[in-house]
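Hi,

Here is the structure I promised to pass on. Have a look at it first, and then read my notes below.

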Amino acid sequence: MTASHRVEPDVSFLLNHAAHVLRTRMAAALAEAGLTARMHCVLTHAMGGERTQAELAEIGDMDKTTMVVTVDALERAGLAERRPSARDRRARIISVTDAGAELAVRSQRIADQVHADVLAALPPDEREVFLRAMKRLVEGHLATPVEAPVPARRARQREG
């Protein structure tokens, strides 16, 4: 049996490869500030208002265990702390310390630069088209995962 000749580009490979390389570039850049991508995500989103650990885990696509490990690391570093929620006494809010807020601003600049570097690889007239097309896909056809007989595992970075 011979392999079939591919007519369409392998969109899965292209998106997965691009996402993987972007994650490695982001991880390397944020490591210079002493953060993982998950730590950066928690800090920047926790600064946006009173958010529970569960809400931040959802935003950052982290499971409960990963979220706990991430917040533990932020607490040990003096960048964040858990506090009781005013809305739900069973829930814990992640509060960013002054040092955490300063680092979050710095790490956001780093993340923005990584994204700018990636987009700079495209000719200027293609950048907006690319971003519009990606946004249309993730808000439309690729917005919601579908149920499958064997669930697809979602790739996760192995970070603390």
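I'll start with a pair of helices: helix 2 and helix 4 are roughly perpendicular to each other. Their axes cross at roughly 80° and come within 10 Å, and the range that counts as roughly perpendicular runs from 65 to 115 degrees. Please keep in mind as you read that this is a predicted model.

Which residues bring the two helices together? From helix 2, the residues are Arg-38, Met-39, Val-42 and Leu-43. On the side of helix 4, which covers residues 64–76, they meet Thr-66, Met-67, Thr-70, Val-71, Ala-73 and Leu-74.

Met-39 is worth a click while you have that view open. This methionine belongs to helix 2, residues 37–46. Its relative accessible area is 7%, and because buried means under 20%, Met-39 counts as buried. Leaving aside neighbours within four places in sequence, Met-39 is in contact with Gly-34, Thr-70, Ala-73 and Leu-74. Among these, Thr-70, Ala-73 and Leu-74 are in helix 4. You can also check the spacing to Ala-80: from C-alpha to C-alpha, Met-39 and Ala-80 are 9.9 Å apart in space, with their positions 41 residues apart in sequence.

A second methionine, Met-26, sits in helix 1, which spans residues 11–31. Is Met-26 buried or exposed? With a relative accessibility of 10%, Met-26 counts as buried. If residues up to four places away in sequence are not counted, Met-26 touches Ala-111, Val-114 and His-115. Met-26 and Thr-52 are 26 residues apart in sequence, and their C-alpha atoms are 25 Å apart in space.

Now for the chain as a whole. The protein chain has six helices and two strands, and along the sequence they follow the pattern α-α-α-α-β-β-α-α. The C-alpha trace spans about 60 × 40 × 30 Å along its principal axes. Of the 160 residues, 28% count as buried. Among contacts with a separation of 6 or more, 58% come from residues 24 or more positions apart.

Lastly, the surface and the charges. The protein chain exposes about 11600 Å², and carbon and sulfur atoms supply 56% of that area. There are 23 positive and 22 negative charges, and the mean positions of the two sets are 4 Å apart.

Happy to talk it through whenever suits you.

Best wishes

Key:
Residues are numbered from 1 along each chain as its sequence is written. This is a predicted model: local features need pLDDT of at least 70, side-chain atom pairs count only at pLDDT 80 or more; totals for chains, interfaces and linings use all residues. Side-chain values use heavy atoms; hydrogens and water are left out. Helices (H or I, at least four residues) and strands (E, at least two) are DSSP runs, numbered from the N terminus. Buried means under 20% relative accessible area, exposed over 50%, partly exposed in between (1.4 Å probe, protein chains only). Contact means heavy atoms within 4.5 Å. Accessible areas come from the Shrake-Rupley method with a 1.4 Å probe; for residues, only the protein chains shown count as cover. Lys and Arg count as positive and Asp and Glu as negative; His and the chain ends are not counted. The place of a charge is taken as NZ of Lys, CZ of Arg, CG of Asp or CD of Glu. Axes are lines fitted to C-alpha atoms, for helices over the stretch in contact, and angles run from 0 to 180 degrees between N-to-C directions. Angles under 35 degrees count as roughly parallel, over 145 as roughly antiparallel, 65 to 115 as roughly perpendicular and the rest as oblique.
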